[in-house]
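The following paragraphs lead the reader through a structure, beginning with a single aromatic residue and moving outward to the sheet around it. Please keep the sequence and the model in view while reading.

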Amino acid sequence: MIRPLKDYVLLEVKPVEKNVGGFIIPESSDKPSDGVVVAVGPGKMVDGKLVEPSVKVGDRVIYKEYSTVEYKENDKKFYLIKEEDILAIIE
């Protein structure tokens with residue numbers, strides 16, 4: 001597994017599928033915009049002080065679609081993203 005550095009967050013994303021008339025159609029062209037946090041970096045330095053991330057492992061979040069780095073491991077898809085590109089936590 002990856003251990004993010006600085007203010008990076010690792011998200012696990014599930015493939016998006018549509019159910020149309022009983023047929024499951026994968027949406028390979030659409031990138032999902034939500035995922036689950038599986039790892040968090042220690043934070044970033046601001047004015048000489050460490051600012052810890054505001055998300056934690058297990059949070060489901062919404063993020064900017066095109067600000068990710070994709071990583072695959074054992075048929076699972078992960079995105080590495082800066083914390084500032086996370087827009088919200090889904091509660």
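Tyr71 counts as partly exposed, because its relative accessibility is 27%; the classes are buried for under 20% relative accessible area, exposed for over 50% and partly exposed in between, with a 1.4 Å probe and protein chains only. The model is a predicted one, in which local features need pLDDT of at least 70 and side-chain atom pairs count only at pLDDT 80 or more, while totals for chains, interfaces and linings use all residues. Residues are numbered from 1 along each chain as its sequence is written, and side-chain values use heavy atoms, with hydrogens and water left out.

The bridge partner of Tyr71 in β9 is Phe78, a residue that counts as buried at 2% relative accessibility. Strands β8 (residues 69-73) and β9 (residues 76-82) pair in the antiparallel sense over five bridges. Here strands are DSSP runs of E of at least two residues, numbered from the N terminus, and two of them pair if DSSP finds at least two bridges between them. Two residues separate the strands of this hairpin, and Asn74 takes a positive phi near 50° there. Asp75 also lies in the loop between β8 and β9; although not a glycine, Asp75 has a positive phi of about 60°. With a relative accessible area of 85%, Asp75 is exposed.

A comparable backbone feature occurs at Asp47, which is not a glycine but has a positive phi of about 55°. Asp47 is placed in the loop between β5 (44-46) and β6 (49-51), and a relative accessible area of 77% makes Asp47 exposed. As general background, most residues other than glycine have a negative phi.

How are the strands ordered in the open sheet? Six strands form it, in the order β8-β9-β1-β4-β7-β10, with antiparallel pairing. Strands β8 and β10 (86-90) stand at the edges with a single partner strand each, so one side of each is left without a neighbour in the sheet. From one strand to the next the twist averages 40°, where axes are lines fitted to C-alpha atoms and angles run from 0 to 180 degrees between N-to-C directions.

Within this sheet, β9 also pairs with strand β1 (residues 8-13), in the antiparallel sense and over six bridges. Here Lys82 in β9 is the bridge partner of Tyr8. The side chain of Lys82 makes a polar contact with the side chain of Asp7 (3.3 Å); a polar contact is a pair of N or O atoms within 3.5 Å, of which, within protein, one must be able to donate a hydrogen and the other to accept it, and residues adjacent in sequence count only if both atoms are side-chain atoms. Asp7 is found in the segment before β1 and is buried, with a relative accessible area of 4%. Leaving aside residues up to four places away in sequence, Asp7 touches Gly43, Lys44, Ile81, Lys82 and Glu83, contact meaning heavy atoms within 4.5 Å.

A search of the whole structure finds two aromatic pairs; rings of Phe, Tyr and Trp (its six-membered ring) pair if their centres lie within 6.5 Å, and planes under 30 degrees apart count as stacked, over 60 as edge-to-face and the rest as tilted. The rings of Tyr63 and Tyr79 form an edge-to-face pair, because their planes are at 70°, with centres 6.1 Å apart. This pair links distant parts of the chain, with Tyr63 in strand β7 (residues 60-63) and Tyr79 in strand β9, 16 residues apart. Both Tyr63 and Tyr79 are buried. The rings of Tyr71 and Phe78 have their centres 6.1 Å apart and their planes at 40°, so this pair is tilted.

Key. Helices (H or I, at least four residues) and strands (E, at least two) are DSSP runs, numbered from the N terminus.
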